[in-house]
Amino acid sequence: MFVTLVTQAIRFGAVFLYGSAGEILVEKSGHLNLGIPGIMCIGAIGGCMGANLGWQAGMPNALIIIMAVLFAFLFGGLAGALYGFFTITLRCNQNVTGLTLTTFGAGALGFWGSAMAKAGTTFYKASKAFTTPMFGAGVGTDGFSTIFLSHGTLVYLAIVIAVVMAIILKKTRVGLSLAAIGENPAAADAAGINVIRYKYVACIVGAGIAGIGGAFYLLDCTRGSLEYVIDAMGWLAVALVIFSLWRPNIAIIGSFVFGLLYILPNYITGVDFADKELIKIVPYAVTALTLIIISFFNKKETQPPAALGLPYFREDR
């Protein structure tokens, strides 16, 4: 049971990692995108469509996965571009825009899922490409191999994305410029950094990464079933951003913790339904506790970007 629990925690944790990594990138640019849950739903639609097209064309598993990732990233990126247009160009309220996008994304997935069910379309066969272990025959039956080597390709892709993002944000000029924009966009603009371009790229790429997480959840965790909701996973991903202190490398560990707490009620026996549901709110409680703790430490490393949630207009300087 322990091996199964940890294995599933890593698997579900990858969903949170995609969403939180995407949101971290967006927030580093000074934008609070509460539309991540809806963007994950939109990405799930694109991912399922891409995977189904690849499966119907008789493509090998590797190409089916690539098709799904590209479509999910494209759909999520388009949603991020829409969010960017409203909040960057039109300077609309970021919270309202994000919540509207979440409502739209969840509704779009529900409508699309119902249409697919009526048409008799299933994604179970296409999902086999994602549930197949990346290391194939190299996976043994021991606990170590089951926990770390039995996952599909997208679990490892999530970790790679988080690690690469952590390096870019901390060690490269692009990352430092993005951090400067999130702290003080006017000063970054005066230093010659193209603030608008950076903000758009961050919103689009971050949303695209979150979209992959939505596709992964449907095609791997639920094996192609459209009966499950994704927006709840998206809200936990947003909470994970705070828990990880806006650091993608810490988000890797945090995603495992959130994944463990998310599936833990399914492995607990001898308690009623209400107690199991109570356990599911623990990640939110932990996030709130993290906020309280970091509020006592006035260190820049533990604080969100100073300009987070604030619109920027060059002529206001």
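**Exercise 1. Place isoleucine 293 and decide what surface feature it belongs to.**

Start with the address: isoleucine 293 sits in helix 14, which covers residues 282-295. Keep in mind that this is a predicted model. Next, check the exposure. Isoleucine 293 has 42% relative accessibility, so it counts as partly exposed. Patch members need over 30% relative accessible area, and the 42% of isoleucine 293 fits that. Last step: look for its partners. Ile293 joins Leu289, Ile292, Phe296 and Phe297 in a nonpolar surface patch, and together they have about 550 Å² of accessible area.

**Exercise 2. Work out how helix 5 is oriented against helix 2 and against helix 3.**

A quick reminder first: two packed helices are described by the angle between their axes and the distance between the axes.

Take helix 2 (residues 36-56) and helix 5 (residues 124-131): their axes come within 9 Å and cross at roughly 100 degrees. Angles of 65 to 115 degrees count as roughly perpendicular, so that is the label for helix 2 and helix 5. Who touches whom? On the helix 2 side you'll find Ala51, Asn52 and Trp55, and they meet Lys125, Ala126 and Phe130 of helix 5.

Now do helix 3 and helix 5. Here too, the axes come within 9 Å and the crossing is roughly 100 degrees. Helix 3 is therefore roughly perpendicular to helix 5. The contacts run from Asn61, Ile64, Ile65 and Ala68 in helix 3 to Ala126, Ala129 and Phe130 in helix 5. Compare the two lists and you'll spot Ala126 and Phe130 of helix 5 in both.

**Exercise 3. Find the salt bridge and say whether its two ends are buried or exposed.**

The background is simple: side chains of opposite charge can pair when their charged atoms come close. The cut-off is 4 Å from nitrogen to carboxyl oxygen, and the count comes to one salt bridge. Arginine 11 and aspartate 220 make it, with 2.6 Å from N to O. This pair ties together distant parts of the chain: arginine 11 is in helix 1 (residues 2-28), aspartate 220 is in helix 10 (residues 195-221), and 209 residues separate them.

For the burial step, buried means under 20% relative accessible area. Arginine 11 is at 11%, so it counts as buried. Aspartate 220 has 2%, so it is buried as well.

**Exercise 4. Look at the positive phi values of arginine 91 and leucine 245, and compare where these residues sit.**

Arginine 91 isn't a glycine, yet its phi is positive, at about 55 degrees. You'll find arginine 91 in the loop between helix 3 (61-89) and helix 4 (94-119). With a relative accessible area of 37%, arginine 91 is partly exposed.

Leucine 245 is another non-glycine residue with a positive phi, near 60 degrees. Its loop runs between helix 11 (231-243) and helix 12 (248-263). Leucine 245 has 18% relative accessibility, so it counts as buried.

**Exercise 5. Set sequence separation beside spatial distance for valine 174 and valine 229.**

Valine 174 belongs to helix 8 (residues 173-183) and is partly exposed at 48% relative accessible area. From valine 174 to tyrosine 198, count 24 residues in sequence and 8.8 Å in space between C-alpha atoms.

Valine 229 lies in the loop between helix 10 and helix 11. At 55% relative accessibility, valine 229 counts as exposed. Its partner here is tyrosine 217, 12 residues away in sequence and 9.6 Å away in space, C-alpha to C-alpha.

Definitions and conventions
Residues numbered from 1 in each chain as written. Predicted model: local features only at pLDDT ≥ 70, side-chain atom pairs only at ≥ 80, totals over all residues. Heavy atoms only, no water. Patch = residues over 30% accessible without salt bridge, like charges linked within 9 Å, V, L, I, M, F, W, Y side chains within 5 Å. Areas by Shrake-Rupley, 256 points an atom, 1.4 Å probe, with all protein chains shown as cover. Salt bridge = Lys/Arg side-chain N within 4 Å of Asp/Glu carboxyl O. Helix = DSSP H or I, 4+ residues; strand = E, 2+ residues; numbered from the N terminus. Buried < 20%, exposed > 50% of the residue type's maximum accessible area, 1.4 Å probe, protein only. Axes fitted to C-alpha atoms, helices over the stretch in contact; angles between N-to-C directions. Parallel < 35°, antiparallel > 145°, perpendicular 65-115°, else oblique. Contact = heavy atoms within 4.5 Å.
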